[in-house]
Number of protein chains: 2
Amino acid sequence: MATIRDVAKEAGLSTGTISKALSTPERVSAKNLAKVEAAIAKLNYKPNMLAQKFRSNESKTIVVLVPDIANVFFAKVISGIENVAQQSGYSVLLGDTKDSSSREKSFIQMVETRLADGIINLRPHTSDSALPQEGICAVSATSSENTPYPSVRIDNVGASAEVVKYLLSLGHQRIGVISGLTDNPHAIDRLKGYRSALADADIPYTPDLIVEGDFNYASGLSAVDQFLAMSEPPTAIFCMNDEMAIAAIKGISDRGLKVPEDISVTGFDDMDVSSYCRPPLTSVAQPAEQIGERSAEMIIRMLRQSDTDGHEYVMPHRLIIRQSTAIAKLNPNVSSIK
Amino acid sequence: MATIRDVAKEAGLSTGTISKALSTPERVSAKNLAKVEAAIAKLNYKPNMLAQKFRSNESKTIVVLVPDIANVFFAKVISGIENVAQQSGYSVLLGDTKDSSSREKSFIQMVETRLADGIINLRPHTSDSALPQEGICAVSATSSENTPYPSVRIDNVGASAEVVKYLLSLGHQRIGVISGLTDNPHAIDRLKGYRSALADADIPYTPDLIVEGDFNYASGLSAVDQFLAMSEPPTAIFCMNDEMAIAAIKGISDRGLKVPEDISVTGFDDMDVSSYCRPPLTSVAQPAEQIGERSAEMIIRMLRQSDTDGHEYVMPHRLIIRQSTAIAKLNPNVSSIK
DNA sequence: CTGTTAGCGCCTTCAC
DNA sequence: GTGAAGGCGCTAACAG
């Protein structure tokens, strides 16, 4: 492989001149520039970026920590990160943690060992999170309230409250929740929104109406089974993501009940499929790609100025009303069993 | 930041010994090993991997070229790649090309400039592909037939033929196709399978029954509209992926027709959602994660032995029959309009 | 087993 | 505008 020295020799110049011709061509005479170009072309020279990075002590790389890349929402955020990173000359290293904390640590190590300059974390912050960490430049994307380092997120509490208020406005009083794992920060925020909306409407909070899910289809299905086994099932179910909502609709339909006539169902995230499934799902849209873009901009700025100020961006969300929700039945057919 | 020299000074040893203690501790005396460890701990020394890579001239990094990371199928393949890469000490650099060939080239450059050792390409090979390229170690994953470099794929032709044969066995004779873009290699392979199954059953091929889609929901919806506007619509529609199939079902239902009673619909890829939507979708499952794992194993082996042999792995697929397909109506209700 | 030393490829002074 | 030289952090080769 040709090195800068080979080019220098070929062009009859010094390595310093070649280097300058590459970085600041305007400060090299036209004649020599031509020689350099000819030599580069002849030798098919490609600068060794590994050497450049080593010398500049900058990897120009961002690690993205993601719990599960096969989740469309995360994938979209990553796509947004990539857009911005690429534009700014950064590469994106994928850190699929598969929810293992040892993997998480090994990715954080990459920053300590100079393989990466910073981290964008797509896992919400919990008490046992390895981040933030002294000397590690990190941004939390898709975070929850009270994340102790710079973050980009939506207002989960407000969004959930909005969903629940909408259901209340349709006359629903018994509103079930298919939650995420109880200790998941998003689940906590969204439950908070649910409770505040109920409180505003003077409806008592009934813990039995909260069923724990795990943000995947299977858990949505088993959760809805629990609701349907109740003597008085809810007339509406607020699911904390679309996967669980779609599964819930399936579960309800499999029992011969109808969405939204018998039970209304809402989701969260507004996946692409949610407007194509039947019935199209009422859901909360998050600007996933923009969250990614914003996070990337943020960390790149921090990296450049090395100012780790505690910004927090709250991005807008939008409640999208489709056909999975309707006015509550006065006498829900299921309760007639009683 | 502490360097290996600082550690050497602190431990009262030479840099060479520190280096050896780190790489081959068994070849350093126990006494000195302890000193080294103490010094490392005291200084909180972390080896500079950028320097290591520079010196070894190996980036231990694989670039994954993907058309669209927000597509679940690709995301799963990437997840598989990550599994294996991580185990073997490789990092995965994300190359979301957004179908831009300039972006594609810039990622390929990374190998030439030493930022990456090899490439796994998730875009199927076409005549204007930049890969394969002299001196670039690359593997094509999710490829189509006749890819001119090492590849991992399923038998798209066979899988499609299987789907169509199954539909034929249900009595369908007019089988529509919602295809990918006409020049997409997967679309080409799958159409080939469709035609061969028809030929085997002595059913003439009718070009009108092929409608071009683009592997996304919107195109599925508009394609199905074309079918339903026909004087004699097909009684079954073979969609080249699940997105388009789900959209097709929506389109059919919106017109007051029923799947599968009036029209059968099949998909391809077997996304998670496909078993949860209604009706659950008959589809072809591809082992996405395994395709990724296999690709990663392959390129790592090639990198190690620098033997660019032309292997081609064909992974198993599986036709999964669910409720979106049924026996053909003798008198399809739509044709009664005539 | 340990120390010494010479670079890897590049960029950046600093003279000229 | 250009050349010479030093050094980034690390490892490998060799000498002791």
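**The interface between chains A and B**

In this predicted model, chain A superposes on chain B by a rotation of 180° with 0.0 Å of shift along its axis (RMSD 0.1 Å).

Colleague: Nice starting point! What relation is that?

Modeller: The rotation is 180° and the shift along the axis is 0.0 Å. That is therefore the relation of a two-fold axis.

Colleague: Which residue of chain A comes closest to the rotation axis?

Modeller: Going by C-alpha position, the distance to the axis is 2.3 Å. The residue in question is Leu93(A).

Colleague: Why do the copies meet through the same surface?

Modeller: In contact are 52 residues of chain A and 52 residues of chain B. The copies meet through the same surface because the share of chain A's interface residues that are also interface residues in chain B is 100%.

Colleague: Happy with that. Which three residues supply more of the area that chain A buries against chain B than any other three?

Modeller: The area buried between the two chains is about 4800 Å², with 64% given by carbon and sulfur atoms. Of the area that chain A buries against chain B, 17% is supplied by Leu50(A), Tyr276(A) and Arg278(A).

Colleague: And the polar side: which residue forms a salt bridge with Lys46(A)?

Modeller: Between chain A and chain B the count is two salt bridges. In the one with Lys46(A), the closest N and O atoms are 3.7 Å apart, which is inside the 4 Å cut-off. The partner is Glu112(B).

Colleague: Last one: which element gives the largest share of the side of chain A that touches chain B?

Modeller: Elements giving two or more residues to that side include α4 (49–56), α5 (72–87) and β2 (91–96) of chain A. The largest share is eight residues, and they come from α5(A).

Key:
Residues numbered from 1 in each chain as written. Chains lettered and ligands numbered in written order. Predicted model: local features only at pLDDT ≥ 70, side-chain atom pairs only at ≥ 80, totals over all residues. Heavy atoms only, no water. Contact = heavy atoms within 4.5 Å. Buried area = accessible area lost by both parts, 1.4 Å probe. Salt bridge = Lys/Arg side-chain N within 4 Å of Asp/Glu carboxyl O. Helix = DSSP H or I, 4+ residues; strand = E, 2+ residues; numbered from the N terminus. Least-squares fit on C-alpha atoms with pLDDT ≥ 70 in both.
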